[in-house]
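Please open the model in your viewer and keep the selection panel at hand. We will go from stop to stop, selecting something at each one and looking at what is there.

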Amino acid sequence: MTTRTCGAAAFAVAAAVACNKGLEPALAPTSCPQGFVGVCGTVSFVGQVPESTARVFVVAFDTFPKSQNDLFKFKPQPTPPNLPLGGPAFFYTLPLPPARYEWVLAVWQKQGTLSPTNADSLLRETGFYRDKGDTTAHGSGIVIVNAGTGKDSIDFVVDFNNMHRVCYYFPPCP
Amino acid sequence: MRQLALPAAAVCLWGQVLGAQDAVVYGTVHGESVGPLRSAEVVVLGPNLGTLTDRGGHYRLSRVSPGVVIVRARFLGYVPAFDTVRVAAGDSVEANFVLRPSVTDGLPFVVVGPVVVTAAKRSQLLDQAITSVAVVSDTELARRAVNTVDEAVDKAPGVQFLYGQVNIRGSTGYVQGLGSRVLMLVDGVPANQGDRGGINWDLVPLEEVQRVEIVKGAGSSLYGSAALGGVVNVLTRDIAPGFHARVRASGGSYANPPHDVWKFRDYTGAEEGLDATGSYGTELVRASVTGGGWHSDGYREQDRRDHWQTAAKLDWRPLAATRLTASGSWASDQYETPLIWCTRGGCDDRGQAYQPFMIDTAGRGAFTRSDKGYVSATLERTASARFAWQARGSWLRTRFSDYQPGNDDAGIANRFGAELRALAHPAEGRVVTVGAEGARSDVASDIFGDHSQNEVAAYGESEQRVGRARLTAGARIDYIAVDGGGLSAVVSPRVGAVLETSAGAWRASAGRGFRGPSLAERFVSTIVSGLVVIPNPDLHPETAWSLELGNAARISPSVHVDAALFWTEAHDLIEPNVNLGTGQIQFRNVARARLAGLDLSLSATPLTPRLTTALAYTFLYARGLAHDTVPERPLAFRPKHLLTLSADYQWHTVSAGGDFRYTSRFERVELYPGDERVAGKVLDLRVGVERGPLSVRGRLANALNYIYNQVPRTLAPVRTLSVTLTWTY
């Protein structure tokens, strides 16, 4: 075998070996992963998931919405991560840019096409993070996300028996 | 018989050979030491008068215009041969060819580069084009044993497909099918969708494709809107005289996930297809019909697809210098829409952070039906030795229905086009191309509304030979009116030069490209993730200046190199703008961008002439420049390095080969920037055997079952084994 043939063969083998590393299974984290920026925590579930459920997801607001128009200022955009529809306690991760957040909550979404005009009928608040000792209606759960790190232990309960419409926060309800 | 190297200028001679009476060129085509070659292609260059040989290797080209003509004979696996013959009016001239296998030792003659028709809207030798052109030949199409045009073009130098969206030197990135910055042509006829401006790569059955030409860089000076980043011209087959048929059957299977925790079904996914082509032709009229379809289980959850297609072509040559070609196709796809893959909590995640083979439950049941078809007719007339013209009309129609739980969308779009083009040789060494083009697009859709757009354009380009140099200058002006409103004009000039030296052919060009906003981008009105997408009728065209300096050289009898430096400055790019304050998304002219880099391709026959190898490398610097409050940053979905290595070995009727494609990890992506992402490293292997009318080709795509994604949360194809059996009559 000539030197050139050997070189070609070696190159082919090296290329083949180099190929064999792509995406691989990754266990869901149980704490904020290293290098992750955002909030993490455990969500536990109470109640029966309604049949009309489209999905349940978790979002954050840097300031508590002052009107219905502020409801779409959530993060992360455009698609926040889903939560499972019930079952055992679930560890979630919510990627967020470094900032101060006033409201981290789970949102239940009913089947149908969502728009700002029908948010009240298709969306429900179904659980949120609150500071210990907080007794306010919407909860006071200040979370500071720092650059380069994740904020752990932002735990809360999703209660499918106790969900609140948008108009609960911005009355009156029709 | 003479086998000649073509002088560089010879390709233009066809225009000087016209007379009042026809002549005939006839003869045979043999393969060296194998006897007559059946179905070898014999063409008179220039007027594109061609035929195929019969079983005895005989051919006959009647209606040849008197004068000096260049005849080319070629056949898969053989080096093309050329002959220059002089024919008198009413005379017959014999020209016989003996083709040498492309793998024999020592090539005793110069192999002339291919002729291309896209770079200047006329026939010219590849080395005489002022911009870079990549050609995917019929040999490569057959060798790769692929099923669709995009699979065939995917490995071309500097070209990258992102989930069906073509990028030439990073032109488009990934914009989910809305607004391609590459123009697709079918036999020179624009075929981008009338509503979204995207490309249906399955519009033309691969069986009908003769070759594909890819022109890189701004091509708007000849082609207008959408040719901002380049042009892909799909050229369909010529029809041979006599009766011919071809049946192609294919079958294959998809690899299962490489890890048990990713398994999503209890069976092995398969794909199978069947198509047939029949043609009949005389010297006067020729016609062909193709029909077929395929089914695929897909390689991931909710990924089944059925595809049906038919195509037809008619070629009528009533006079020696007159040719009427009409063609059309229709294709229908019904496919499940996998949307994005499932992340923790979105499906039965089995404790995994993500499940790349499964989809999120929110996307369950999504389904799309997509129909598309076109008809076109072209009349070509070579009026004199110095003047030829052609006129064409076309109609492209697309229809889609997206069925998603609680959110169905549908749309029908048309694009009518017409063009009148003239080619003149007013003086020695000068070629002038002028033309006028018009198009009307309309859409009726629940998300795009009912709208129309009219475009009219005029263009001209002149090439002058000065010594060893060819200087080119031209421009096009496009007028665009939306919904009958006021006209907006865009001017796209281009200048270039080619200089033939002992160090190869140097080329340089500078041109302006543009893309008018699609009707979808202007008028889309829908809801995405709860955010309202609102229309923006005030969008204006995005533009770009492209510069290129390149060299093509044969540095030894067995090594050919083509290298190009390119630089593109883009303005007013149309991108979606998200306003969280209002909860709205709107397409706006916002970004400025710079795309610069190096394109290098090298082909060689090292070690042994039976082995052909190729290397294609693109270095890309793609930056969105700072604007408003947005700092300079990498453009999303553009790889810095794109490398393709190819090798093929042929031994008599058996061939084997492969491609390795490396795509560097994207510096920036959109939608899910926090997701893990990896470089693309894909090895494709192939093998083929031909015996008489039968050929069998096997293909193992992504042979190492490398698991990766290039667009957000969308798994790229896994290892796929396919076998294609072709019978030709």
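Start in chain A by selecting strand β6, residues 103–110: β6 is joined to β7(A) by five bridges, and the two run antiparallel. Keep in mind throughout that this is a predicted model.

**Stop 1: the sheet of chain A**

Within that pair, pick out A:V107 and look across to β7(A), where A:E125 stands opposite. Now extend the selection to β7 itself, residues 123–128 of chain A, which also pairs with β11(A), again in the antiparallel sense, this time over two bridges. Which residue in β11(A) stands opposite A:E125? Look for A:H164.

Add the other members and you have an open sheet of five strands with antiparallel pairing, in the order β3-β2-β6-β7-β11. Why is one side of β3 and of β11 left without a neighbour in the sheet? These two strands of chain A, β3 at 82–83 and β11 at 164–165, stand at the edges and have a single partner strand each, so one side of each stays without a neighbour. If you turn on hydrogen bonds here, remember that strands of a sheet pair through backbone hydrogen bonds, either parallel or antiparallel. Showing side chains is useful too, since in a regular strand they alternate between the two faces of the sheet.

**Stop 2: chain A as a whole**

Colour chain A by secondary structure. Three helices and eleven strands make up its secondary structure, and from the N terminus on the elements follow the order α-β-β-β-β-β-β-α-β-β-β-β-β-α. Chain A has 174 residues, of which 29% count as buried. For a contact map, note that among contacts in chain A with a separation of 6 or more, 74% are between residues 24 or more positions apart.

**Stop 3: chain B, domain by domain**

Move to chain B and select 8–106, then 150–728: the domain assignment gives these as domain 1 and domain 2. Taken over C-alpha atoms, the centres of domain 1 and domain 2 of chain B are 32 Å apart.

For a sheet in chain B, select β4, β3, β6 and β7: in that order these four strands form an open sheet with antiparallel pairing. β4 (49–52) and β7 (81–87) of chain B are the edge strands, each pairing on one side only. From one strand to the next, the twist averages 20°. Zoom in on β6 of chain B, residues 67–74, which runs antiparallel to β7(B) and is joined to it by seven bridges. Here B:V69 has B:V85 in β7(B) as its bridge partner.

**Stop 4: the nonpolar cores**

Next, select B:V153, B:V212, B:I214, B:V232 and B:V234, the residues with the most contacts inside the largest nonpolar core, which has 66 residues. The largest share of this core comes from strand β15 of chain B (residues 182–186), with five residues. A second, separate core has 32 residues, including A:V56, A:L71, A:Y92 and A:V107.

Centre the view on B:I214, found in strand β17 of chain B, residues 209–216. Is B:I214 buried or exposed? It is buried, because 23 other C-beta atoms lie within 10 Å. Leaving out residues up to four places away in sequence, B:I214 touches B:V133, B:A134, B:V153, B:A156, B:V159, B:I168, B:G230 and B:V232. Try a distance label from B:I214 to B:V234: they are 20 residues apart along the chain, and 8.8 Å separates their C-alpha atoms. With the same sequence neighbours left out, B:V232 touches B:V153, B:V166, B:V182, B:M184, B:V212 and B:I214.

**Stop 5: an exposed loop**

For a contrast, select B:G484, in the loop between β31 (469–482) and β32 (488–501) of chain B. B:G484 counts as exposed because it has 8 C-beta neighbours inside 10 Å. A label from B:G484 to B:R554, 70 residues along the chain, spans 53 Å between C-alpha atoms.

**Stop 6: confidence**

Finally, colour by pLDDT. Chain B averages 87, with 93% of the residues scoring at least 70. Over residues 1–20 of chain B, however, pLDDT stays under 50, and the model has 61 contacts beyond four places in sequence for them. Residues 104–112 of chain B are also below 50, with eleven contacts in the model beyond near neighbours in sequence. Where pLDDT is low, the predicted coordinates should not be read in detail. The model scores ipTM 0.76 and pTM 0.81.

Terms used:
Residues are numbered from 1 along each chain as its sequence is written. Chains are lettered from A and ligands numbered from 1 in the order in which they are written. This is a predicted model: local features need pLDDT of at least 70, side-chain atom pairs count only at pLDDT 80 or more; totals for chains, interfaces and linings use all residues. A nonpolar core is a set of buried Ala, Val, Leu, Ile, Met, Phe, Trp, Tyr and Cys residues joined through C-beta atoms within 7 Å. A residue is buried if 20 or more other C-beta atoms lie within 10 Å of its own, exposed if 12 or fewer, and partly exposed in between; C-beta atoms are placed from the backbone. Two residues are in contact if their C-beta atoms, placed from the backbone, lie within 7 Å. Domain bounds come from an automatic or database domain assignment. Two strands pair if DSSP finds at least two bridges between them. Axes are lines fitted to C-alpha atoms, for helices over the stretch in contact, and angles run from 0 to 180 degrees between N-to-C directions. pLDDT is the predictor's confidence in each residue, from 0 to 100.
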